[in-house]
Structure formats: C-alpha cells, structure tokens
Amino acid sequence: MAEIDVVLPDGSHKSLPAGSTAGDVAAAIGARLAKDALAARIDGVLSDLAASVPDGAHVGIVTPASDDGREILRHSSAHVMAQAVTRLWPGAKYAIGPAIENGFYYDFELPGGAHFTDEDLARIEATMREIVAEDQPFTRREMSIDDGLAVFADQPFKIEIITKVKEGADDDEDLGEVSAGPIVSVYANSEGFVDLCRGPHVPSTKRLGHFKLMRVAGAYWRGDEKRPQLQRVYGTAWESAAALAAHLHQLEEAEKRDHRRLATELDLLSFPSELGGGLAVWHPRGGIVRKQMEDFSRARHLEGGYEFVVTPHLANARLFETSGHLGFYKDGMYPPMEMDNGTYYMKPMNCPMHCLIFRSRARSYRELPLRLFELGTVYRYERAGTLHGLMRIRGFTQDDSHIYCTEEQLEGEIISLLGFVMDVLRAFGFSEFTANLSTKDPEKYVGSDEIWEKSTDALRGALERFGLEYQIKKGDAAFYGPKIDIDVRDAIGRTWQLSTIQCDFNHPERFDLEYVGADNQRHRPIMLHRALFGSIERFFGVLLEHYAGNLPTWLAPEQVRVLGVRNDHDDYAREVAAHLKETGVRVSVEVANEPLGARIRRAKMEKIPYVLVVGDEDVASGTLGVNARGSNDPSRGVSLGEFTTALHAEILAHGRPDAD
RNA sequence: GCCUGGGUAGCUCAGUCGGUAGAGCAGCGCAUUCGUAAUGCGCAGGUCAAGGGUUCGAAUCCCUUCCCAGGCUCCA
C-alpha cells in the first residue's frame, strides 16, 4: 500500500497510508490530540480535519486553545448562529458572519423588515445550544459558481458575493467568504442549513458551546451607509468555560475603569444634558488635574523651543474658505452665524489661524523651524451617534502645534519630534508605543509625487531610527500629506491612538506662505501639524482608564488627606496639612466627627494617594501614620519631615526615565 | 445620520394590571470621640428628560423633541 510522509511542526516525520486526512495525522500522533483537534494547517493553509494530506506536506494540528483554534471556533459559532436565526425566523436572509477579536458576528435581514430585540438574544442562544447538542457535522462541498448561484437562489446577499467573484470584482472580504478560483465552497452542517464559506470549520457543532451572545446592532450591508442596514448579532466564543468566564470578567473590569463612570464617581467632570451632546463641564477636582496636565505640557513645550500663541474660537467664513475646511468638512462644523459684517464659524482647527500668524510679516529662513504652540479649543459637530464620553466630544482642546520648516529641516524635525512625543507620553506613565505610518491615497492628494516621497521617507526614517515598531497604513493619509500616528498600550492591554505628526503641503500653498532663503529667493515652507495628547479631554479619559482612576500623585486632585483619630487630634492634623500645603501639596483635613474607619474608607474610595492618620503618639512625637493607596499596611511613626521629603521626591520624579 | 435599548432623588437602582413616588449610598441636623475600608437616630431631597395626546385617572399607553448606552457609518 502506498504511503505518504508528513512533516510535523517539531520537524519529525510520520508515515501514513495514501489518502489520509488531517484527522488521521492527528490520530497517528496521539489519541488525546485526535480528540482535541479542530482543524489543521497543511503547508501553512488552514484546512478541515477531513481534508486529505498530500505527500511531503507540513502538517500542524490546530487545537482549541490557540489563535487559529479560537478563530475557527468563532467562525463556526457564527454559522450555528445563522442556522439558529433561520430556524427561528424562516425566510431570514443571512449576509456575512466572520470571526472577530474575542468572538464573532453575523448580519441578517429578517422577513418583513423585523428587528431583533435584546430578548431575542436569549432565544437565539437557546436554539444555538440545541444545534450544538444535535452534534451536526460540518461538511464541505465545492461546486461551480453557477451551482453556487442555484444553491443560494433565495439568499440575495450570497448571490451578490458569488456574482462579484464570478465577475472577478471580488476583494479580500469576499474571498474570506468563498474560495479562490472558479469554484465556491459551501459548508452544510445539516440538511437545513448551508452557508457559503471558505472554511475551515470544526468537525461538528458539539465542539462548540462556550459562547455568549452579547448584543444586537444595526450594520450597513458591506459597510456602506447608502445600502440597506442589516441586523447584526455579536457573540463572544472561547475554547473553554474558564476562558469565557475570564473574558466576561475582563469586560467587567474594563467597565469599572470606564472614564465616564470614574469622572462621576470622583467628581471630576460631567456632561449636563442642558449643554447639549458632547460638551463637558470640568468640576474643581477635574479642573486641577487638567491644570497639572496643561502646566506640564506648557513647561515641556517651552523647553522644546516652541513659541506660544493664542487665537480666537471663531472666525469669518473667508478664513475657512481659504483653508479649505469649508469645502472639505462643512458637515463637521457647527453651523454658520450670520453677522452684520459676514458669516462666522466656530473653529474646527487651529491651523488656519497659525498660518495667519506666520504670514503676518515677512519671514526669514533664520526663523525656521518656527514652532507655534497653542492649547487651542476647537468645536466640531460630530454626528450624534458617534459621541462617546471624553473620547469623542464636540468641544475640545488640542495641544496643537504647527511647525514651519524647510524641506531640508523636515527629517531632523520629525526625528526630534518623535523623541519629544514619547518623552512626554512616558511622563504620563505609558511605556509601550506603536506607530502607524499613513501613506498617500492615490485617489485623493495634493502636492507633487516627489515631495510625498521625500516626506514619507523622512517619517519612515525617523521611525526606524527610533526603533519604533510601526505599520504602514496604505492610503490612509490626509489629502495634504503623510502622517505618523502613535498608539499607546494601557494597563489592561488596550491600545489608544494619541499623538499624531502630519506633514502638510496644502496649507502653505493655500495661504501662500513664504520665507526668504539664504539665496534671497522666496521659498514655500513645509508645515507639520502635531499634537501629543491629541485632545486634552481624550487624553484625560485615557489616563483615567489606564490608571483606573488612581492618578499618580503628581496628577491626583487631592494628594494627601489628614485624619485625626479623635477631635482632640484635629489641631495637629490641621498643622500637618498647613505644613504640607505651604510646600505646594494638595491636602485636606477631615475632622473626627465620624469613626476613623469610615473616614479612611471614604478617602480610599476617592483614590487619594496618601491618607495620614494622627493620634496621641503622633501629637506627642511629631509623627504620622502613613496609609498609602493600594497598601493594606500603614506605617506608623513616620516623621513629618521624612514624609514630606519622600512625597516631594515622588511628585518631582514623574517623567524621569530613572524614576520608580 | 442609521439600528437596538434606555432616561425615576446628587449617585446606583426598584416601582406589578394605568389608581398620583420608594430603597441604599451621598447631603443636612443631633448624638457619638473612635489607631487604619461603612457609629446611631432623625431630617430633607422629585414638574418621574421636555412637550403634546389618549383616559375619570399616566412614571406606566401613543406621538414629537432632547439626552445617554452599544453598534454601523464618519472622524481635518
């Protein structure tokens, strides 16, 4: 009998009878693996266990607790969900249902334009569990495109995908749904349900089960808001009950550090509905944190050679016609105010005004790079459905700078900017950065190819010199130039896009900006836009979530609270507080009208970095009981001088690489 | 803007079949004086998001608007 030889991931070889499947390979390796196996990688390609293995193939068995395994579980769960929905709503049309991070979704169109409600989730989930219990095998079939069209005759979304494949107009997304080449593949997991799919899938529905449906949502067919809106159901799926529970637990933890919740609990800011959507008021405790952030930002910009400017919140429409904002972003701007001398708009950007400052007089090459900086408050009419706490807001303040430089200065300026950006972000407790380099959108851009290439090279060179990991986002640049965006990783592993460095060839042109060079000729400067925080509001929100509200001492609204054990210690408590306050510490006293435990608890819930408890012994010897945030082990008998010195050292140390 | 779900005291929430408003925490007052995460008692707190409609009667049913959440789309 003919034998084939397969290579396993560890480099060892196995001989099997010709015609063996990936499942047979798993069985040949071990009974336990065969039981665990979901799918296989054959020569790098994910395949069903039922797929036959060619001679000499490299074969890896995919088990549930792996990235490949989870992806397959999730994708198969999506099929089961579609099957459940078609059982519950006969005639439902199903569109696409991929695996996504942590789970899966599927888009549907229900008969009669019906919509899912939250209650439907439980019904769908129950039906999914029935399908899982039925132990239905997933079986793959390949067929011609025309046969595929016949199979899905009553499924218009599938027909559209197959037709596009037939016409050769398919894209990656379509390929994910079908298969490459002149055939389409379908998976049936029962007589009653067949879906267009490239696969692979788990061998049987009984291999699924650690899933939970999360929510229903509307989603446009093919992501196009001009096309029909479908009903999307999201679910999460995992390899084990424990992994599912861990995921759900993490969601709860993330909810606890939601900046909107913390902002209310810690009395930092609020969004009064009377103001209108997307507009916040900062309360004293939020305001003092913001002031710390702004002071720090200003100090660093001053050191960094920036010049401070101030510009108004609104401007005549002519300015935004010149800048092009009215042409490109009118819908995103607050509507016009008609005045007796013209039409005015709230500013959505600071750049046009900074350009006016540049243009206010003749500029020499000796002044370049000219770095204009402003904490500039802008207003953008974000669409109602897109608002999200501080993360997406209609009135916000950018730590905005525009740098005017020569072409020769560009690279050096970007390199120093990257260092500046990360240095400032580190001071706020972020240490993991990744970057995206967005390149020219060939459909939409201004400026010569040469300058695009040059500036893209300058951005790339700076990233590489920093050893900063980056991804290219092809075609993602603004129309006026390429950009670098910097993402940070937070304490629970989420990434947030914060800083941006953008080249701009458009504004200098539109505002006819010039400088006189050493050659006594007029030249056009290049303009860089950059923001470190992005917006102060958003950055503040990210900080709150990163620290779960436990802001580092230098930022904390209240740094120290002093508690006397009894009323007769209150005077000493006030003395301690007065001493700290004199040295610039934000401190308060809560007098002993309530039990100590209750006052400690309140201070802890307010996430105050240091709670000082003073009693008889402390009054007698000038000491403190120091209860630090996050510790359950207070130190007694610390001298006031010792505490003050350590506190100041901590406050001053932030942002220094050697601090800790 | 679109889809789904919401809006009740400062906060978190209950409120059944349509019969006129409830708790805990926070606040205020009094008592309590306590060594490291909740002392007791009392008081006050509401145009039930806003406006309109149905009804003898609306927090509850219907309509409109505003605001919020989760998605989609968008994000200079």
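How do the residues of the lining of the second largest pocket divide into nonpolar, polar and charged? Point 3 takes this up.

1. This is a predicted model, in which local features need pLDDT of at least 70 and side-chain atom pairs count only at pLDDT 80 or more, while totals for chains, interfaces and linings use all residues. Residues are numbered from 1 along each chain as its sequence is written, chains are lettered from A and ligands numbered from 1 in the order in which they are written, and side-chain values use heavy atoms, with hydrogens and water left out.

2. The largest pocket (an open set of points on a 1 Å grid over the protein atoms alone where a 1.4 Å probe fits, with protein on both sides within 12 Å along at least five of seven lines) holds about 1,300 Å³ of space. Its volume is the space filled by probe spheres set on the points, joined across faces, edges and corners. Its lining (residues with an atom within 4 Å of a point) has 42 residues, and Met349, Arg380, Phe396, Gln398 and Gln502 are the closest to the centre. Strand 28 (strands are DSSP runs of E, at least two residues, and helices of H or I, at least four, numbered from the N terminus) contributes the most, six residues.

3. The second largest pocket has about 720 Å³ of space. Among its 17 lining residues, Glu101, Asn102, His247, Gln250 and Leu251 lie nearest the centre. Helix 8 (241-256) supplies at least two lining residues, as do strand 12 (211-220) and strand 13 (229-237); the share of helix 8, four residues, is the largest. The lining divides into seven nonpolar, seven polar and three charged residues (Ala, Val, Leu, Ile, Met, Phe, Trp, Tyr, Cys and Pro count as nonpolar, Asp, Glu, Lys and Arg as charged, and the others, Gly among them, as polar).
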